[in-house]
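Reader: I am new to reading protein models, and I would like to learn how to go from a backbone angle or a surface charge to a place in the fold. Could we work through some cases together?

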Amino acid sequence: MAENPVQFDQDFEPAAEPKSSKVWLNLIKDAEKAFADYHRKADDIDRLYADLSTLANSARDRRFQLFWANVEVLKPSIYARPPVPVVVPKFKDRRPLYRVTSELLERASNTAFDLADINSVMLLLRDDLAVVGRGCAWVRYETKGESESESERIVVEHIDRRDFLHDPARKWCDVDWVARRAYLTRIEMKERFGEVWAQAAYEVQRTERDRGAANSQQKAAVWEIWCKSENRVVWVTEGVDDLLDDGEPHLKLEGFFPCPQPAYATVRRGSLVPVPDVLFYKDQLEEINELTGRIHALSEAVQARGFYPAGAGEIGDAIETALKSQDNRQVMVPVANWAAFGSGAAKDTIVWLPVDMIATTIAQLVELRRQIIEDVYQIMGLSDIAPVFVIFRQERST
């Protein structure tokens with residue numbers, strides 16, 4: 001059965017009800033519908049990459065952890081070391097003012113990068129890009145103290161993929177609004193937005209708790225929306241009919257938005273809906289895991305098993321003793337009535353279970369799996385990245 005098409009609210013007229021949160025909450029719901037398929041797939045990919053409960057389960061099916069290995073190889077090729085700002089004059093006319101100004105700006109940029117801990121944010125963006133195909137960042141301006149001049153800093157934050165939304169545009173330059181979600185307790189809501197905090201919908205984020213990212217406190221989900229066409233910033237939450245806060249942008253930024261364009265791996269044509277790269281070789285991963293399970297099942301059958309005649313008296317007891325012996329130092333097993341062997345050799349008394357056919361099948365399955373793994377490398381281009389990565393590691397070590 002075909003899925004119902006996504007229905008969008010076409011009545012975007014915030015000027016009609018300037019203090020109502022309904023129109024903005026409808027925008028959020030429409031955008032969540034547009035990105036719902038992406039988030040469902042991303043949830044599955046997160047579990048495929050590293051799920052502690054599955055990996056720690058001893059009764060789980062055997063898997064070849066190729067996806068995790070591929071991501072670990074890709075990460076350093078995307079981002080490997082902290083950025084180092086370099087500021088130089090655009091025109092090389094050797095004027096002292098330009099040289100001193102460039103040096104001052106370069107030192108200030110390096111200090112700002114250190115204070116903002118850019119490297120930690122970049123590592124999280126890199127991981128999101130490599131695993132689920134999109135990484136998002138957000139910039140805030142903070143002041144502390146009685147006067148704004150006492151303490152100021154720029155905060156660069158990593159945004160979880162579910163806490164970042166924008167209108168479903170075809171290109172980033174067509175995006176009209178962006179939004180980020182924050183979870184606030186009752187005390188935080190009262191301090192930030194006043195008495196309307198009591199009307200907000202508070203709940204425990206069960207999904208976030210399952211991912212180990214939240215505690216048992218009840219919090220309200222507050223969306224901060226920056227709308228370019230309205231030149232306006234609003235804060236809304238479920239349960240409150242009025243805007244929590246709104247006004248003109250408190251930051252004058254290039255491009256209006258307090259966030260850069262997200263880092264994308266692959267996007268669906270004519271949209272900004274990410275397509276995680278693992279989906280392009282998902283069939284191969286499933287086939288590799290199936291082969292791994294079959295190899296493991298067959299390998300358990302490759303064991304030495306022999307048959308000897310029942311009721312053979314002392315000879316049968318000696319054979320059973322030899323097979324059950326766990327002492328590597330006991331090489332010989334005594335047989336008092338050796339004449340009972342007759343003219344036949346000892347090997348004629350035991351018939352061994354043939355395992356050569358099983359071993360041959362395992363070798364063929366391993367070779368088939370190796371070829372499929374090579375196909376994955378060709379799809380991802382890892383066959384070209386891996387040698388460069390080895391050279392890079394050698395250079396860093398020296």
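Author: Let us begin with how elements are named: helices and strands are DSSP runs, of at least four residues for a helix and at least two for a strand, and they are numbered from the N terminus. Please keep in mind that this model is predicted.

Reader: Where does Phe256 lie in that scheme?

Author: Phe256 lies in the loop that runs between strand S8 (245-247) and strand S9 (263-264), and, although Phe256 is not a glycine, it has a positive phi of about 75°.

Reader: Is Phe256 buried or exposed?

Author: A residue is called buried when its relative accessible area is under 20%. Phe256 has a relative accessible area of 14%, so it counts as buried.

Reader: Which phi does Asp117 have, and where is Asp117 found?

Author: Asp117 also is not a glycine and has a positive phi, here of about 55°, and it sits in the loop between helix H5 (96-116) and helix H6 (118-132). Because its relative accessibility is 39%, Asp117 is classed as partly exposed.

Reader: Turning to charge, which residues form the negative surface patch?

Author: For a patch, one looks for like charges joined within 9 Å, on residues with over 30% relative accessible area and no salt bridge. In this model, Asp283, Glu287, Glu290 and Asp375 form a negative surface patch, to which helix H9 (residues 282-301) gives the most, with three residues. Glu287 lies in helix H9, and its relative accessibility of 37% makes Glu287 partly exposed.

Technical notes
Residues numbered from 1 in each chain as written. Predicted model: local features only at pLDDT ≥ 70, side-chain atom pairs only at ≥ 80, totals over all residues. Heavy atoms only, no water. Buried < 20%, exposed > 50% of the residue type's maximum accessible area, 1.4 Å probe, protein only. Patch = residues over 30% accessible without salt bridge, like charges linked within 9 Å, V, L, I, M, F, W, Y side chains within 5 Å. Areas by Shrake-Rupley, 256 points an atom, 1.4 Å probe, with all protein chains shown as cover. Salt bridge = Lys/Arg side-chain N within 4 Å of Asp/Glu carboxyl O. Lys, Arg positive; Asp, Glu negative; His and termini not counted. Charge placed at Lys NZ, Arg CZ, Asp CG, Glu CD.
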